[in-house]
Each structure stands twice: as C-alpha cells, then as structure tokens.
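Here is a short set of exercises to work through with the model open beside you. Try each task before reading its solution.

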Amino acid sequence: MDQAMHQAIARKDGRWWTVEVPELDVTGQARNLAEVDDVAREIVALVLDVDPGDVCVRTTVGLPGDLQERWQAARLRAARAAAEQVAAAVESRAVVRALRLQNWTYKEAAAALGLSEQRVHRIEQTSGQERVAG
C-alpha cells in the first residue's frame with residue numbers, strides 16, 4: 001500500500017481539467033472537477049504500479065495566469081483590514097472608558113464622539129469580543 005500523500009494540481013484547460021502530479025512529473029486529464037481526484041489517483045497508481053485505491057492524493061485547484069497571486073493579495077488585505085478593525089475597536093473602547101472614568105455621561109460621550117448613546121454603551125460593554133477573521 002502506498003502511504004505517501006501525493007500533491008496534485010488541477011487547472012482548467014478549456015472544457016477539460018489538466019491534472020498534474022509534479023513530484024512524479026506526470027499529467028492527466030479529467031472531464032470535470034468531480035473527476036480530478038480519481039484521475040490523480042489513477043495516474044499516480046500507473047507510475048508507481050500500485051492499485052489506485054491505495055493512493056492518497058491532495059488536490060489543489062490552480063488559478064489561471066496571475067489570478068492566484070491576486071487572490072492571495074486580496075486575502076492578505078482582508079486579514080490586515082480585520083486586524084485594523086480589531087485595533088480600532090480596542091482603541092474606541094479605551095476612549096469611551098476613559099471618558100466614562102472622567103464622569104462623562106453616555107449622552108455627553110455620544111455627542112463628543114458623533115455616536116448614539118446606545119452605541120457608546122455597547123462600546124463600553126464590549127470586552128475581548130474582537131477577533132481577527134482569517
């Protein structure tokens with residue numbers, strides 16, 4: 001039984017999918033995405049002369065051209081934006097708490113911060129609920 005995990009990359013090529021297993025320098029074709037894993041197992045099995053049922057593959061779908069790089073850049077921006085949002089929430093809460101410790105009412109803090117009284121109250125009550133989404 002082949003215990004190694006083989007990495008396969010599937011790329012759309014017109015109406016077909018090209019399935020590549022770089023470590024074995026072998027390529028196959030699938031009619032649709034649903035067949036990609038089976039094709040990957042079959043081509044690995046042919047090269048290694050083992051039963052396809054004994055082959056483990058992990059398939060990733062490759063994006064065409066520069067789209068993979070652009071997607072990764074977008075995900076990085078989203079992660080940075082989420083981190084900035086968390087930092088903004090922490091700082092907002094600190095400002096509200098500082099005002100409240102100086103005996104500002106919710107109404108006074110709301111007027112100064114350009115928020116509703118309810119929002120000032122929610123900011124003050126929020127504690128450690130911020131998370132970075134990834």
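The exercises below concern a predicted model, and each one is followed by a worked solution.

**Exercise 1. The sheet**

Work out the strand order of the open sheet and find its edge strands.

*Solution.* Start with the order: the 4 strands of this open sheet run β3-β2-β1-β4, and their pairing is mixed. Next, look for strands that pair on one side only; these are β3 and β4, the edge strands. Neighbouring strands of the sheet are turned by 30° against each other on average, direction ignored. Now zoom in on one pair: β2 and β3 run antiparallel and share 5 bridges. Within this region, Val-21 stands opposite Val-26 in β3.

**Exercise 2. The helix on the sheet**

Which strands does α1 touch, and which of the residues of α1 are buried?

*Solution.* First, locate the helix: α1 covers residues 36–48, 13 residues in all. From its first C-alpha to its last it reaches 18 Å, close to the 18 Å expected at 1.5 Å a residue. Second, place α1 against the sheet: the helix packs there, touching β1, β2, β3 and β4, and its direction makes about 145° with that of β3. Third, list the buried residues of α1, which are Val-36, Val-39, Ala-40, Ile-43, Val-44 and Ala-45. A helix pattern is worth recalling here: with 3.6 residues a turn, residues three or four places apart in an α-helix point the same way. Fourth, ask what covers these buried positions; the cover includes β1 (5–13), β2 (16–21), β3 (26–30) and β4 (56–62). Finally, step just past the end of α1, where Asp-49 has a positive phi of about 55°.

**Exercise 3. A histidine in a strand**

Decide whether His-6 is buried or exposed, then find the polar partner of its side chain.

*Solution.* Begin with the location: His-6 belongs to strand β1. Its relative accessibility is 4%, so His-6 counts as buried, the cut-off being under 20%. For the polar partner, follow the side chain of His-6 to the side chain of Glu-23, with which it makes a polar contact at 2.9 Å. Leaving out residues up to four places away in sequence, His-6 also touches others, among them Val-21, Leu-24, Val-44, Leu-48 and Cys-56.

**Exercise 4. Two helices that cross**

How do the axes of α3 and α4 cross, and which residues meet?

*Solution.* Take α3 (residues 106–113) and α4 (residues 117–125): their axes come within 8 Å and cross at roughly 100°. That makes α3 roughly perpendicular to α4, since angles of 65 to 115 degrees count as such. On the α3 side, the meeting residues are Tyr-106, Lys-107, Ala-109 and Ala-110. They meet Glu-117, Val-120, His-121, Glu-124 and Gln-125 in α4.

Conventions. Residues numbered from 1 in each chain as written. Predicted model: local features only at pLDDT ≥ 70, side-chain atom pairs only at ≥ 80, totals over all residues. Heavy atoms only, no water. Helix = DSSP H or I, 4+ residues; strand = E, 2+ residues; numbered from the N terminus. Expected span 1.5 Å × (residues − 1). Buried < 20%, exposed > 50% of the residue type's maximum accessible area, 1.4 Å probe, protein only. Contact = heavy atoms within 4.5 Å. Polar contact = N/O pair within 3.5 Å; in protein donor to acceptor, adjacent residues only side chain to side chain. Pairing = 2+ DSSP bridges. Axes fitted to C-alpha atoms, helices over the stretch in contact; angles between N-to-C directions. Parallel < 35°, antiparallel > 145°, perpendicular 65-115°, else oblique.
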